[in-house]
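Colleague: Please take a close look at one part of this model for me. I want the nonpolar surface and the open space, with cut-offs.

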Amino acid sequence: MEKRRELWIDAAKGFSIIFVVMGHSGDAGANHYLSWFRMPLFFLLSGLVFKPILPERYTGWAVKRTKGLMTPYFAYGLLIAAGMLLYSLNFTGFLENIARLLYGGLTLTGPYGVFWFITCLLFTQLLFGYIVRYSRRTQFLLIASAYLLSHLIALTPLKNFNLPWNIDVALLAVTYYAIGYYGKKAIPALISRAYVLLLLLPLCALVLWLERSGYISYSLDMKYKDYDALLLDLAVPLLISLTICAAVYQLSKRLPLGFMGRLGRNTIAIMYLHLPLNYSLKVLLGTDYGLIPFTLVGVVLPLLAAKWAGRYPPVSRLYLGRGSSRQAIEYGAARR
C-alpha cells in the first residue's frame, strides 16, 4: 500500500488540470483568466510535496526524476506523431515532429501544445533540488534572483529567444514551486481555517473587478514568457492559488471528492491527451465545439485511458510514469 495522501492536494490538482483543459478550448475569456493561476498552481502544489535531497544523492535523484518525467514525454510524443503519420502519410512531417519533441519549448504547438510544461517542471525540480543544499538565506537569494532574472528576460528581446525545453521559464516557475515547499506547514494551517476562505474570496473578486474596470492590466502566459508585472506576477497567482486550495480543502471536509482526487493522480494522461483527442474529434466530426464539450472530452477520455493503462505495468511505466495502478491510496487529514 502506498503512503497516505492528502485528498485536498490531489483534488486541487484535479481542479487544476480541468482549468488547463478549459483554457485550451478556444474560449478566449476562459483562457485569459485561467492563465493567471493554472500553471503557478500546479507548481505550488508540486512544491508542497517536494522532499529535500542530500547533496551526495542529488545525481541519482536527478536521473530518476528525468527518467520519470521524460519517459511519458517521449512515449506520448511518439504516439501522437505516429497517429498523425497514419492520418497524413507525411513522413517528412513525422520527422519534423520528432525534431520538435527533441528541441521542445516554443516549437511545440498544436497537439503538442502542453508538452512544454513537463520539461519546464523537470528543470524546475532539478533547479530547486540543487538549491536546497544551501542555507535558507542563500536559497531565498537564489530564488529571488531567478525571479528577477525571469522578468528581465521577459522585458527584453531575450523573450523571443527559444531555449530548448523552456529552460528559462523554470526561472519563474521555481518561485511558485518554492512557495509551495516553504509553505508546506503554513499553507495547510492557513487554509484549514474556514474564515480564511471568506477573506480570500473578496480579494479575488477585487482583483477581477480592477482588471475588468481597466484599473489594472494583467496577463500571464508562462510558455510564451508573457510575465512583465514584477509584483502582480507574484501576488495574483498566489492569491488565487491559495483561494482554490482553501476552497478545495474546505470542500474535502464536507463533500466526497474522491473523483477529483483520482483526476489529480492522473493529470499526466489528461495533460498529454486532451489536445490530440479533441483535435482528432473535431476533424472526425468536421466541426468545432465549445468549452463544455471540449472539457468533457479532454478530461473523461484520458481518465479512461489512464485507468486502462494502469492495469498493465509496462504500459503504465511508459504512459503514466509508474509501474502499477495507484488504487491503494489512503487519505490522511491535512497536517497542521
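Modeller: A patch joins residues with over 30% relative accessible area and no salt bridge: like charges within 9 Å, nonpolar side chains (Val, Leu, Ile, Met, Phe, Trp, Tyr) within 5 Å. A salt bridge puts a side-chain nitrogen of Lys or Arg within 4 Å of a carboxyl oxygen of Asp or Glu. Areas are Shrake-Rupley, 1.4 Å probe, with only the protein chains shown as cover.

The model is predicted: local features need pLDDT of at least 70, side-chain atom pairs 80 or more, while totals for chains, interfaces and linings use all residues. Numbering runs from 1 along each chain as its sequence is written, and side-chain values use heavy atoms, without hydrogens and water.

Ile292, Leu296, Val300, Leu301 and Leu304 make up a nonpolar surface patch. Together they offer about 480 Å² of accessible area. Leu301 sits in helix H14 (a DSSP run of H or I, at least four residues, numbered from the N terminus). Its relative accessible area is 40%, so Leu301 is partly exposed (between buried, under 20%, and exposed, over 50%).

H14 (291-309) also helps line the second largest pocket. A pocket is an open set of 1 Å grid points that fit a 1.4 Å probe, with protein on both sides within 12 Å along at least five of seven lines. This one holds about 530 Å³, the space filled by probe spheres set on the points. Its lining has 22 residues, each with an atom within 4 Å of a point. Nearest the centre lie Ile80, Gly83, Pro276, Leu277 and Ser280. Helices H4 (58-88), H13 (267-285) and H15 (313-319) also give two or more residues each. H13 gives the most, eight. The lining has 20 nonpolar, two polar and no charged residues; Gly counts as polar, Ala, Cys and Pro as nonpolar.

Technical notes:
Buried < 20%, exposed > 50% of the residue type's maximum accessible area, 1.4 Å probe, protein only.
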